[in-house]
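Colleague: I am new to this structure. Could you take me through the reasoning behind a few of its labels?

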Amino acid sequence: MNLLPFGKLAAAKPRSFVPATVNLGDWPQIEPLFKELESRAARAASAADLEKWLLDWSELSAALDEEFSRRYIAMTCHTDNPDAEKAYLDFLENVEPQLKPRQFALEKIYVANAYRTKLPTGRFEVFDRDVKNHVELFRPENVALETEEAKLSQQYQKLIGAQTVNFRGEEKTLVQMGRYLEEPDGALRQEAWESVAKRRLQDAEKCEEIFEELIQLRTRIAKNAGCENYRDFAFRQKGRFDYTWRDCVQFHDAVEKEIVPAVRQIQQERKRQLQLDKLRPWDLSVDPQNRPPLKPFGEVGEMVSRTQKIFDRLDPELAAGFRQMQDLKLLDLDNRKGKAPGGYQSTLSEARVPFIFMNAVGLQRDVETLLHEAGHAFHAQATRGEDLYSYRNAPIEFCEVASMSMELLGNEFLEEFYPVPQANRARKTHLEGIIGFFPWMATVDAFQHWIYTHANHTRAERKAAYLQLMDRFGGEVDWSSYEEARAHSWHRQLHIFIHPFYYVEYGIAQLGALQVWANSRRNPATALTAYKKALALGGSRPLPELFSAAGCRFQFDAATINPLIELASLELKKL
Ligand SMILES: [Zn+2]
C-alpha cells in the first residue's frame with residue numbers, strides 16, 4: 001500500500017554514485033557508501049576529483065534526505081497506520097544516529113584535503129566556510145554536555161505539555177484555551193486568561209530551575225569551544241558570518257524607536273474600538289469590532305483553486321509551479337482524522353520537488369499558511385538545477401523571506417476569496433500581526449543577549465532585566481494585578497529554552513519580506529523578477545547577496561525600518 005499522497009517521482013538527475021538497488025533504510029547497505037567516500041578523498045589528485053567527490057557526497061545526502069522525508073510524510077499523513085509509524089521510527093533509531101558521526105567524518109576529511117583551497121572560490125566559498133566552521137567548533141567534551149542540554153529541553157517540553165486547566169467543568173490544554181481569547185465576551189476572556197496565567201505560574205519555579213541549569217551548561221559548552229560567552233558561541237554555531245551581535249542590538253534599538261510607536265497606535269485604536277479604558281492582556285486577540293471569523297472557503301479544493309488564481313494573477317512561472325504541485329499530488333491540505341497536527345513544507349531532495357502538508361479547516365489562517373508554505377515550495381522549485389545538495393537550501397533568514405513575501409504579495413489578490421471589505425479586514429489583521437511581532441521578537445532576543453553575557457546573574461537580577469524589556473517593548477497593555485504573570489511571561493516562549501538565540505531570524509526575514517512587498521508596490525514586475533532570481537540562488541551566496549538579489553538591503557537599522565513601517569501604517573489607514 002502506498003502511504004504517500006504522490007506517486008513515483010523521478011530523480012531530478014540520474015544517480016551516478018548511489019546504486020539504484022540500495023535500500024536507504026538499511027544501515028548495513030548504506031555504510032559501504034560512506035566508507036567509499038571516506039577512503040576516496042585521500043586519492044583525489046586534482047581539484048576536479050575533489051569536486052566530483054563533493055557531488056557524490058551530495059547525491060548520497062540527498063538520497064538519504066528524501067528517504068527520511070518520505071517516511072516522515074507517510075507517518076504524518078497516516079498517524080493511525082502502524083506500518084508508517086514503524087518505518088519512520090526505524091529510520092530514526094537505526095539510520096539517523098549512524099549518519100551524524102559519518103557526515104561529520106566526511107566534513108573533517110574535506111577540511112583536511114589538500115585540494116580544498118584549489119576549488120573555484122566563488123563557487124565553493126559559502127560551502128567551505130560552513131563546513132570549516134562546523135569542524136572547528138566541534139569539541140568531543142561537548143558531546144555529553146549537549147546530550148544533557150537535550151534532556152533538559154525535553155524536561156521543559158514535558159512540563160509545558162502537561163499543563164492543563166479545568167475550565168467551566170472541562171479539562172483543557174492551554175492551546176485549546178487560546179480560543180477563548182477570541183470571544184467577544186470580555187468577562188469570559190478574562191476568566192480564561194486568568195486560569196491559564198495561574199496554571200503557568202504553578203510551574204514558574206520549575207521553569208526557572210531548568211533554565212538556570214541550561215545557562216550553566218551552555219556557558220560550559222561555550223568555554224570549552226574557546227568562546228568568551230554563550231552568545232559568541234551561538235552566533236558561530238548558527239553560522240552567522242554576515243551579521244554580528246552588535247547588528248542585533250542595533251535592531252532592538254530600531255524596533256524600539258520605529259516600531260513600538262506604531263504598535264502603540266494600533267493598540268490605542270483597538271482600545272477605542274473595544275470601548276475599553278485600559279487594554280488588558282486578554283484583549284489582544286479578539287476582533288476589535290466583534291465580528292464573526294472570516295470564512296474564506298468551504299472545501300479544501302476551493303482553497304486550492306482560489307489560491308491558484310492568486311498565483312495566476314501574480315506570476316505565470318509561480319502559477320505553473322503551484323499547478324505542477326497539484327498535478328503531482330504534492331499537496332495534502334485537508335484536516336482529517338489520522339493526520340498529525342500543524343503544517344509544514346518538505347522537499348523530496350532527490351526528485352527536487354516540494355511537498356506541502358496542512359490541516360485546513362476553513363479559516364483565514366489557512367489561506368495565510370498556504371501562501372506561506374507555497375513561498376517555501378517556490379524556493380525549492382527555483383533551486384532544482386543546483387547539484388550541490390547544501391546549496392539547495394538557503395539560510396533560515398532568507399528562507400523566510402521567500403515565504404513571508406508570498407503572504408504579502410498573495411494578500412494583494414485576496415479578492416479571489418472575499419468581497420473587498422472582508423479582503424481588507426484580512427489584510428489589516430495580517431499587517432498588524434507583522435508589526436506586532438517585532439517588539440516581542442526584540443524582547444526575546446535582547447533578553448537572551450543579557451542572559452548569556454551576564455551568566456552569573458541572580459534570579460532577581462534576571463527578573464529585573466526582563467521587566468525592563470517589557471517596559472521598553474510591551475506597548476499599551478495594562479498588566480496591573482498580574483505583575484507575577486508579567487514577570488514570568490517569557491516562560492511560554494519555547495525558543496528561549498530549546499533553541500537559544502533562534503528567533504531574530506524571523507525579524508530579519510520579515511524586514512526582507514516587507515522590502516519585497518514595498519518594491520512590488522513601486523514596480524510589481526521588477527520586484528517579482530528580483531524575488532525569483534534570489535530564490536534561484538538557494539544557499540549558494542552569503543546573506544547580503546541573497547537579500548540584494550531580491551532587491552533588499554541587509555540591514556536592521558532605523559533607516560531600513562522607517563520607510564517600511566511608514567508604508568505599512570499608511571496602508572493600515574486605508575484598510
Ligand atoms: Zn516558514
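Modeller: The questions below deal with a metal site and then a helix, in a predicted model.

Colleague: What makes His372, His376 and Glu400 the protein donors of the zinc ion?

Modeller: Donors are N, O and S atoms within 2.8 Å of the metal. The NE2 atoms of His372 and His376 and two OE entries of Glu400 lie 2.1 to 2.5 Å from the zinc ion, so they count. Along the chain these donors follow the spacing H-x3-H-x23-E. His376 belongs to helix H13 and Glu400 to helix H14, so this pair ties together parts that are 24 residues apart in sequence.

Colleague: Why is the arrangement around the zinc ion called irregular?

Modeller: Four donors count as tetrahedral if all angles lie between 85 and 135 degrees. Here the four donor atoms subtend angles of 53 to 137°, and the arrangement is therefore irregular.

Colleague: Why do His376 and Glu400 count as buried?

Modeller: Buried means under 20% relative accessible area. His376 is at 12% and therefore counts as buried. Glu400 is at 8%, so the label applies to Glu400 too.

Colleague: How do you know that the span of helix H8 is close to the expected one?

Modeller: Helix H8, residues 204-224, has 21 residues, and 1.5 Å a residue gives an expected 30 Å. From first C-alpha to last, H8 reaches 30 Å. Just after H8, Gly226 takes a positive phi of about 80°.

Colleague: What do the buried residues of H8 pack against?

Modeller: Those residues, including Phe211, Leu214 and Arg218, pack against helices H5, H7, H9, H15, H16 and H18.

Terms used. Residues are numbered from 1 along each chain as its sequence is written. This is a predicted model: local features need pLDDT of at least 70, side-chain atom pairs count only at pLDDT 80 or more; totals for chains, interfaces and linings use all residues. Side-chain values use heavy atoms; hydrogens and water are left out. Helices (H or I, at least four residues) and strands (E, at least two) are DSSP runs, numbered from the N terminus. The expected span of a helix is 1.5 Å times one less than its number of residues. Buried means under 20% relative accessible area, exposed over 50%, partly exposed in between (1.4 Å probe, protein chains only). Contact means heavy atoms within 4.5 Å. Donors are N, O and S atoms within 2.8 Å of the metal (3.2 Å for Na, K and Ca); water is not among the atoms, so sites may look incomplete. Four donors count as tetrahedral if all angles lie between 85 and 135 degrees; four count as square planar and six as octahedral if opposite donors are over 155 degrees apart and all others between 65 and 115; anything else is irregular.
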